[in-house]
Amino acid sequence: MDRNLVGKVALVTGGASGIGRATAIEFARRGAAVVVADADATGGKETVSYIETNCDARAMFVGVDVTDAVSVEAMIRSTVEHFGALDMAFNNAGVPDRAASLHVSTQENWDRVMSVNLEGVWHCMKAELDQMLLAGKGAIVNNASRSGLVGVPSDGVYGAAKHGVVGLTKAAAIEFAGKGVRINAVCPGLVETALTRARFGDELAARAKLANPLGRMAQAEEIASAVVWLCSDAASFVVGVALPVDGGATAR
Ligand SMILES: NC(=O)c1ccc[n+]([C@@H]2O[C@H](COP(=O)([O-])OP(=O)(O)OC[C@H]3O[C@@H](n4cnc5c(N)ncnc54)[C@H](O)[C@@H]3O)[C@@H](O)[C@H]2O)c1
């Protein structure tokens, strides 16, 4: 294992579960100190405890609601107070669309999906940029989705939020590239997590078979390795990409 992130500080929102947990663990395996931020304290503390026991790295849980700018600013303050810096951030906290179809989608579904999946990323980027611009360096990766690149039926509101994440990523990437902060997005295909189990239930295995040329779901670790690479110096010339990690789904 290449511990190329020793001495760096990483922040992962949605680090209590799924892709966020796998990414927090991968940052730690590579030597970074990790802030696991989530609305779910139980899951977040489990991620921290796993890191402390297995990864030879420091970790801390911070409770956050990414829909609340004040809570997000407090998360960044805690990060810097505790670990002295913020070098890498993965804005990953998200919720699934609950609508069976766009025309029966409710206002409540729209508000919830937009406030967590799009506005939450904006809040996080603002607070992270404040800190990274002071330091003159940093790397941010936003978690978009295959639904941020192409239209996915019955994922209309979710897809609108994720297309928004890609737009935010590209505009900010251009704006801040000359100031030492690299910003990119990952666009996962179907990944086996609590979110997809809640969204698709018993249909999940069948959907996964059809979803991409590999004919299977991704495991969260397969997304985590792309995120950690994008945050590392190995990706020093990669700016403003929305990287599909989708088993070839969007290549069709
Ligand atoms: N699983 C997939 O197939 C897939 C595919 C593409 C993109 N994504 C995206 O990946 C991200 C993570 O998804 P996952 O599948 O790991 O889901 P998950 O449900 O396992 O994890 C999501 C985490 O976000 C946290 N969270 C939700 N709302 C929050 C809030 N307001 N403030 C703070 N934390 C909050 C949850 O507590 C949870 O720990 C999401 O943005 C999702 O849209 C997932």
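**View 1. Polar contacts of the ligand with Val 66, Asn 92 and Ser 17 in the predicted model.** A polar backbone atom of Val 66 is placed 3.1 Å from a nitrogen atom of the ligand, and this distance, like every other value in these legends, comes from a predicted model. The backbone of Asn 92 also takes part, with one of its N or O atoms lying 2.8 Å from an oxygen atom of the ligand. At Ser 17 the partner is a polar side-chain atom, which lies 2.6 Å from an oxygen atom of the ligand. The ligand would expose 830 Å² if taken alone, and the protein buries 90% of that area.

**View 2. The shell of residues around the ligand and the pocket that the ligand takes up.** The ligand takes up the space of the largest pocket, and 30 residues are found around the ligand, of which Ser 17, Asp 38, Tyr 158, Val 191 and Thr 193 come nearest. Sorted by class, this shell holds 15 nonpolar residues, 11 polar residues and 4 charged residues. Three helices, α1 (18-29), α5 (156-176) and α6 (194-200), each contribute at least two residues to the shell, and the largest share, 3 residues, is supplied by α6.

**View 3. Ala 198 in helix α6.** Helix α6, which gives the shell around the ligand its largest share of residues, also contains Ala 198. Ala 198 has a relative accessibility of 64% and is therefore classed as exposed, the cut-off for that class being over 50%. In sequence Ala 198 and Val 95 are separated by 103 residues, whereas in space their C-alpha atoms are 9.9 Å apart.

**View 4. Asn 143 in strand β5 and its side-chain contact with Asn 92.** Asn 143 belongs to strand β5, which covers residues 138-143. Because its relative accessible area is 5%, Asn 143 is counted as buried, a class that requires a value under 20%. The side chain of Asn 143 is joined to the side chain of Asn 92 by a polar contact of 2.8 Å, while a backbone N or O atom of Asn 92 lies 2.8 Å from an oxygen atom of the ligand. Asn 92 thus appears in this view through its side chain and in the view of the ligand contacts through its backbone.

**View 5. Ser 145 and Ser 154 in the loop between β5 and α5.** Ser 145 is found in the loop that runs between β5 and α5, and Ser 154 is placed in the loop between these two elements as well. With a relative accessibility of 7%, Ser 145 counts as buried, whereas Ser 154, at 25%, counts as partly exposed. The C-alpha atoms of Ser 145 and His 163 are 8.3 Å apart in space, and the two residues are 18 positions apart in sequence. The backbone of Ser 154 has a phi near 65°, which is a positive value in a residue other than glycine.

**View 6. Asp 56 in the loop between α2 and β3.** Asp 56 is located in the loop that links α2 (41-54) and β3 (59-63). Although Asp 56 is not a glycine, its phi is positive, at about 50°. The relative accessible area of Asp 56 is 63%, so this residue is classed as exposed.

Technical notes. Residues are numbered from 1 along each chain as its sequence is written. This is a predicted model: local features need pLDDT of at least 70, side-chain atom pairs count only at pLDDT 80 or more; totals for chains, interfaces and linings use all residues. Side-chain values use heavy atoms; hydrogens and water are left out. A residue is near a molecule or strand if one of its heavy atoms lies within 4 Å of it. A polar contact is a pair of N or O atoms within 3.5 Å; within protein, one must be able to donate a hydrogen and the other to accept it, and residues adjacent in sequence count only if both atoms are side-chain atoms. Accessible areas come from the Shrake-Rupley method with a 1.4 Å probe; for residues, only the protein chains shown count as cover. On a 1 Å grid over the protein atoms alone, a cavity is a set of points where a 1.4 Å probe fits but cannot get out, and a pocket is an open set with protein on both sides within 12 Å along at least five of seven lines; lining residues have an atom within 4 Å of a point. A molecule sits in a cavity or pocket if more than half of its atoms lie within 2 Å of its grid points. Helices (H or I, at least four residues) and strands (E, at least two) are DSSP runs, numbered from the N terminus. Ala, Val, Leu, Ile, Met, Phe, Trp, Tyr, Cys and Pro count as nonpolar, Asp, Glu, Lys and Arg as charged, and the others, Gly among them, as polar. Buried means under 20% relative accessible area, exposed over 50%, partly exposed in between (1.4 Å probe, protein chains only).
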